[in-house]
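Reader: I am new to this structure and would love a close look at one part of it. Could you take me slowly through a helix and what surrounds it?

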Amino acid sequence: AMFGPAGIAYVYPIHSKHCFNVVTESAGQASAVLVRAIEPLDGIELMKRRRGVDSVTALCSGPAKLCQSLCIDRSANGWNLTLRRKLWIEFPSAGNEDEPEIRTTRRIGVTSAQDLELRFVIKGNRFASGPRYLR
């Protein structure tokens, strides 16, 4: 799936968990972005049951937590995320919020190129994964 067209889900197992990525380049060129965290807005009670936690901020604040909360596994690998079926990514509705301030930080959870600022977070968002000093 990582070599598929942009907008395809690339899901892979790691340490008996899963990571969800979005393919970002043309077909044939491997490139994807890891979705590390989301701010849950709907289905929170179901996510709490899936994760076995009560804290909303603990539901999707890491790649494996996010996959467990949303029930994302290898069966989602190759899904077209632009079709609005089961799992998709969309822009927020116009006029709902001010434009968020995006901040870049060092990579976390990797052993190579740790100093590269290839991690993007909404400044101050309490749902972002990783150490607080990186937000």
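Author: Happily; we will begin with helix α1 and then move on to its surroundings.

A word on the ground rules. This is a predicted model, where local features need pLDDT of at least 70 and side-chain atom pairs count only at pLDDT 80 or more, while totals for chains, interfaces and linings use all residues. Residues are numbered from 1 along each chain as its sequence is written, and side-chain values use heavy atoms, with hydrogens and water left out.

Helix α1 spans residues 44–51. Helices here are DSSP runs of H or I with at least four residues, strands are runs of E with at least two, and both are numbered from the N terminus. Within α1, the residues M47, K48 and R51 are buried. Buried means under 20% relative accessible area, exposed means over 50%, and partly exposed is in between, using a 1.4 Å probe and protein chains only. These three residues sit on the same side of α1, because they cover an arc of only 100° around its axis. That arc is taken from the directions from the helix axis to the C-beta atoms.

K48 deserves a pause. With 18% relative accessibility, K48 counts as buried. K48 also forms a salt bridge with E45, with the closest N and O atoms 3.6 Å apart. A salt bridge here is a side-chain nitrogen of Lys or Arg within 4 Å of a carboxyl oxygen of Asp or Glu, and by this rule the count comes to one. Both partners lie in α1, three residues apart, which is about one turn of the helix. Side chains of opposite charge can pair when their charged atoms come close. After the helix comes G52, whose phi is positive, near 70°.

What lies over the buried residues of α1? The cover includes α2. Helix α2 runs over residues 63–70 and holds Q68. Leaving aside neighbours within four places in sequence, Q68 is in contact with R50 and R51; contact means heavy atoms within 4.5 Å. The C-alpha atoms of Q68 and M47 are separated by 8.0 Å, although these residues are 21 apart along the chain. Q68 counts as partly exposed, because its relative accessibility is 33%.

Helix α2 also leads us to the largest nonpolar core, which has 14 residues. Such a core is a set of buried Ala, Val, Leu, Ile, Met, Phe, Trp, Tyr and Cys residues joined through side-chain atoms within 4.5 Å. The residues with the most contacts inside this core are V11, F20, L66, I72 and L81. Strands β1 (9–14) and β2 (17–23), together with α2, each supply at least two of its residues. Take I72 as a guide: not counting residues up to four places away in sequence, I72 touches V11, H18, F20, L66, C67 and L87. In soluble globular proteins, nonpolar side chains tend to be buried together.

Finally, follow the chain into the loop between α2 and β4 (102–105), where R84 is found. R84 has a positive phi of about 60° although it is not a glycine, and R84 is exposed, with a relative accessible area of 52%. K86 lies in the loop between α2 and β4 too. Phi of K86 is also positive, near 60°, in a residue other than glycine, and at 73% relative accessibility K86 counts as exposed.
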